[in-house]
Amino acid sequence: MEIELNVLEKIYNARQCDFEKRANIERKELASKLNEVTLEEMEKITIETIKEQEKRQEVLEKLDQLVENYEIKMAYYMEERYKQGFKDGVNLMKECNENK
């Protein structure tokens, strides 16, 4: 099982550039479906609303961390779904070959 995971990890890593290219295309496709709010807008509102520099900086840092957490989670879930899909595909091919 360990060998399978190492090979699958290598395959996933080799495809990362393809995933990034596809993600850029998908971002453009999704743009019309997303809410029209940006991190820059949130930063501007925070700066205008919170006058105390220390609190303002704390809120901006937390906002950045929140976005980073979301991106980390999405990357993790995408990797796991890819690997599971690959395993499912291999298992399906095995089953088809066994049932011939």
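# Close-up views of a predicted model

**View 1. Glutamate 9 and its partner lysine 83.** Glutamate 9 is partly exposed, at a relative accessible area of 28%. The model shown here is predicted. The side chain of glutamate 9 meets that of lysine 83 in a salt bridge, with an N to O distance of 2.4 Å. Glutamate 9 belongs to helix H1 (residues 2–30) and lysine 83 to helix H3, so the contact ties together parts that are 74 residues apart in sequence. Lysine 83 has a relative accessible area of 12%. Buried means under 20%, so lysine 83 counts as buried. The pair is part of a salt-bridge network that links Glu9, Glu79 and Lys83. Two members of this network, Glu79 and Lys83, are among the buried residues of H3.

**View 2. Helix H3 from end to end.** Helix H3 covers residues 53–98. How far apart should its ends be, at 1.5 Å a residue? The 46 residues of H3 should span 68 Å. The C-alpha atoms at its ends are 67 Å apart, so the expected and modelled spans agree. Which residues of H3 are buried? They are Arg56, Leu60, Leu63, Glu79, Tyr82 and Lys83. Charged side chains are on that list, including Arg56 and Glu79.

**View 3. A salt bridge within helix H1.** Glutamate 26 and arginine 22 form a salt bridge, and their closest N and O atoms are 3.1 Å apart. Both residues sit in helix H1, four residues apart, so about one helical turn separates them. An α-helix has 3.6 residues a turn, so residues three or four places apart point the same way. Glutamate 26 is partly exposed, at 33% relative accessibility. Arginine 22 is also partly exposed, at 41%.

**View 4. A salt bridge within helix H3.** Lysine 55 and glutamate 58 join their side chains in a salt bridge, at 3.7 Å from N to O. The spacing here is three residues in helix H3, which means about one helical turn. Lysine 55 is partly exposed, with a relative accessible area of 42%. Glutamate 58 is partly exposed too, at 38%. This pair belongs to a set of five salt bridges found in a search of the whole structure.

**View 5. The negative surface patch.** Which residues form the negative patch? They are Glu61, Asp64, Glu68 and Glu71. Glutamate 71 lies in helix H3. A further acidic residue, glutamate 48, has its place in helix H2 (residues 39–49). Glutamate 48 is partly exposed, at a relative accessible area of 46%. The C-alpha atoms of glutamate 48 and glutamate 61 are 16 Å apart, across 13 residues of chain.

**View 6. The nonpolar surface patch.** Tyr70, Met74, Tyr76, Tyr77 and Met78 make a nonpolar surface patch of about 560 Å². Tyrosines and methionines build this patch. Methionine 74 is found in helix H3. Its relative accessible area is 33%, so methionine 74 counts as partly exposed. Patch membership needs over 30% relative accessible area.

**View 7. Leucine 66 at the surface of helix H3.** Is leucine 66, a residue of helix H3, buried or exposed? At 56% relative accessibility, leucine 66 counts as exposed. Its C-alpha atom lies 27 Å from that of glutamine 84, and the two residues are 18 apart along the chain.

**View 8. Glutamate 80 and tyrosine 12.** Glutamate 80 is found in helix H3. Its relative accessibility is 29%, so glutamate 80 counts as partly exposed. What distance separates the C-alpha atoms of glutamate 80 and tyrosine 12? The separation is 9.9 Å, although the two residues are 68 apart along the chain.

Terms used: Residues are numbered from 1 along each chain as its sequence is written. This is a predicted model: local features need pLDDT of at least 70, side-chain atom pairs count only at pLDDT 80 or more; totals for chains, interfaces and linings use all residues. Side-chain values use heavy atoms; hydrogens and water are left out. Patches are made of residues with over 30% relative accessible area and no salt bridge: like charges are joined within 9 Å, nonpolar side chains (Val, Leu, Ile, Met, Phe, Trp, Tyr) within 5 Å. Accessible areas come from the Shrake-Rupley method with a 1.4 Å probe; for residues, only the protein chains shown count as cover. A salt bridge is a side-chain nitrogen of Lys or Arg within 4 Å of a carboxyl oxygen of Asp or Glu. Lys and Arg count as positive and Asp and Glu as negative; His and the chain ends are not counted. The place of a charge is taken as NZ of Lys, CZ of Arg, CG of Asp or CD of Glu. The expected span of a helix is 1.5 Å times one less than its number of residues. Buried means under 20% relative accessible area, exposed over 50%, partly exposed in between (1.4 Å probe, protein chains only).
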